[in-house]
Amino acid sequence: MNAPVNPPKLHDCRDAFASTLERLAAEDETIVAVCNDSVGSSKLGGFKSRFPERLVNVGIAEQNMVGVGAGLANGGRLPFVCGAAPFLTGRSLEQIKADISYSNANVKLVGISSGMAYGELGPTHHSIEDFAWTRVLPNLPVIAPCDRIETAAAVAWAATYSGPCFLRLSRVGVPDLLPEGHRFELGKANLLRQGSDVTLIANGTLTHRIVKAAEILADRGIDARVLNLATVRPIDEEAIIAAARETGAIVTAEEHSIFGGLGSAVAEVVVDYAPVPMKRLGVPGVYAPTGSAEFLLDEYGMSPSAIAEAAQALIKRK
């Protein structure tokens with residue numbers, strides 16, 4: 001009998017965000033945090049204790065919150081504007097467009113509990129449109145880290161980047177995938193597994209699921225390449241083109257609608273430069289119902305086994 005295997009430890013990426021922000025704030029007095037009555041859910045309690053004069057809580061007023069962030073940036077501060085992703089993006093889209101993107105304001109937008117992490121609170125709290133809303137805006141890098149290590153690296157990068165960006169963070173626990181000391185590079189994919197039969201692409205909470213799917217495929221004699229595509233804009237065209245030409249088939253998986261998100265961004269590159277069969281896994285253009293994030297991802301065909309099945313079916317179309 002085989003000895004039981006201990007499951008990997010799961011980490012909340014919000015913890016990595018908060019601890020990194022506190023460390024950076026201790027080194028840079030211009031860093032401020034702005035939130036929408038979300039000190040707890042944004043994990044800013046430690047920041048508030050250490051730097052009470054540098055935390056601005058505007059209350060449940062996301063449009064005003066984005067404007068406050070833009071004003072602070074214009075005054076020479078380095079604001080990290082934090083709020084629940086569905087409300088930070090959906091409720092404040094006009095302000096993000098005009099005050100942040102168009103103005104190229106040095107504001108770091110942090111969407112907390114993205115995707116379907118607020119699953120039990122229902123469709124109004126799902127953030128499955130935010131990639132589509134944000135990646136269309138000029139001057140606004142869109143980033144969804146896959147684990148705590150990439151989250152910390154992306155926050156550190158954001159603090160040195162001159163311009164706005166949108167960081168999409170979940171509250172769902174995920175295992176470590178990248179090595180300690182990883183340095184975030186905007187627009188660069190991480191090759192997590194080499195392969196020649198099909199490429200699996202994801203970011204955020206879906207990345208560890210495609211890693212597991214690749215392991216399932218390996219047991220079936222299928223060699224799957226795995227790409228973590230944390231940067232949705234600017235996207236790593238070179239990695240996508242190479243994957244299309246070298247593996248001949250691409251499956252994307254995302255905690256987002258299949259319209260306008262990661263899969264769409266990858267498909268735009270594929271159709272322009274290296275057309276191959278593709279399958280986009282995500283929420284199929286509906287309002288996702290109430291339920292845990294894990295249940296909903298499985299319901300929409302994004303369990304590791306379902307991703308593996310989708311990949312096998314796609315390979316037959318090569």
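This report describes selected side-chain interactions in a predicted model, moving from an annotated span to aromatic pairs, salt bridges and one buried glutamate.

## Annotated span

The unreviewed UniProt entry carries the annotation "domain: Transketolase-like pyrimidine-binding", which in that record covers residues 11-176. In the predicted model, the C-alpha atoms at the two ends of residues 11-176 lie 8 Å apart, and the span is 42% helix and 16% strand.

## Aromatic pairs

A search of the whole structure finds 3 aromatic pairs. In one of them, W157 and Y161 have ring centres 4.7 Å apart and planes at 25°, and the pair is therefore classed as stacked, since planes under 30 degrees apart meet that criterion. W157 counts as buried because its relative accessibility is 14%, whereas Y161, with a relative accessible area of 26%, is partly exposed.

W157 also pairs with F184, and here the ring centres are 5.4 Å apart while the planes stand at 65°, so this pair is edge-to-face. The pair links distant parts of the chain, given that W157 belongs to helix α7 (residues 148-160) and F184 to the loop between β6 (165-168) and β7 (190-193), with 27 residues separating them. F184, at 9% relative accessibility, counts as buried. Taken together, ring pairs join W157, Y161 and F184 into a cluster.

## Salt bridges

Side chains of opposite charge can pair when their charged atoms come close. In this model the count comes to 13 salt bridges. One of them joins the side chains of R14 and D12, with an N to O distance of 2.7 Å, and both R14 and D12 are buried.

Another salt bridge is formed by R148 and E180, whose closest N and O atoms are 2.6 Å apart. R148 lies in helix α7 and E180 in the loop between β6 and β7, so the bridge ties together parts that are 32 residues apart in sequence. The two partners fall into separate accessibility classes, R148 being partly exposed with a relative accessible area of 23% and E180 being exposed at 58% relative accessibility. R148 and E180 are also linked with D176 in a network of salt bridges.

E246 and R225 form a further salt bridge, in which the closest N and O atoms are 2.8 Å apart. E246 is placed in helix α9 (residues 237-247) and R225 in strand β9 (residues 224-228), so this pair ties together parts that are 21 residues apart in sequence. E246 is partly exposed, with a relative accessible area of 48%, while R225 is buried, with a relative accessible area of 7%.

## A buried glutamate without a salt bridge

E254, which lies in strand β11 (residues 250-257), is buried yet has no salt bridge. The nearest side chain of opposite charge is that of R280, at 6.2 Å, and because a salt bridge requires a side-chain nitrogen of Lys or Arg within 4 Å of a carboxyl oxygen of Asp or Glu, this separation does not qualify.

What does the side chain of E254 reach at 2.6 Å? The partner is the backbone nitrogen of L262. Leaving aside neighbours within four places in sequence, E254 is in contact with residues including G261, L262 and G263, as well as L281 and G282. Also among the contacts of E254 are F131, L206 and M302.

Terms used:
Residues are numbered from 1 along each chain as its sequence is written. This is a predicted model: local features need pLDDT of at least 70, side-chain atom pairs count only at pLDDT 80 or more; totals for chains, interfaces and linings use all residues. Side-chain values use heavy atoms; hydrogens and water are left out. Helices (H or I, at least four residues) and strands (E, at least two) are DSSP runs, numbered from the N terminus. Buried means under 20% relative accessible area, exposed over 50%, partly exposed in between (1.4 Å probe, protein chains only). Lys and Arg count as positive and Asp and Glu as negative; His and the chain ends are not counted. A polar contact is a pair of N or O atoms within 3.5 Å; within protein, one must be able to donate a hydrogen and the other to accept it, and residues adjacent in sequence count only if both atoms are side-chain atoms. Contact means heavy atoms within 4.5 Å. UniProt positions are given in the numbering used here, feature names are shortened, and annotations may be inferred rather than shown by experiment. Rings of Phe, Tyr and Trp (its six-membered ring) pair if their centres lie within 6.5 Å; planes under 30 degrees apart count as stacked, over 60 as edge-to-face and the rest as tilted.
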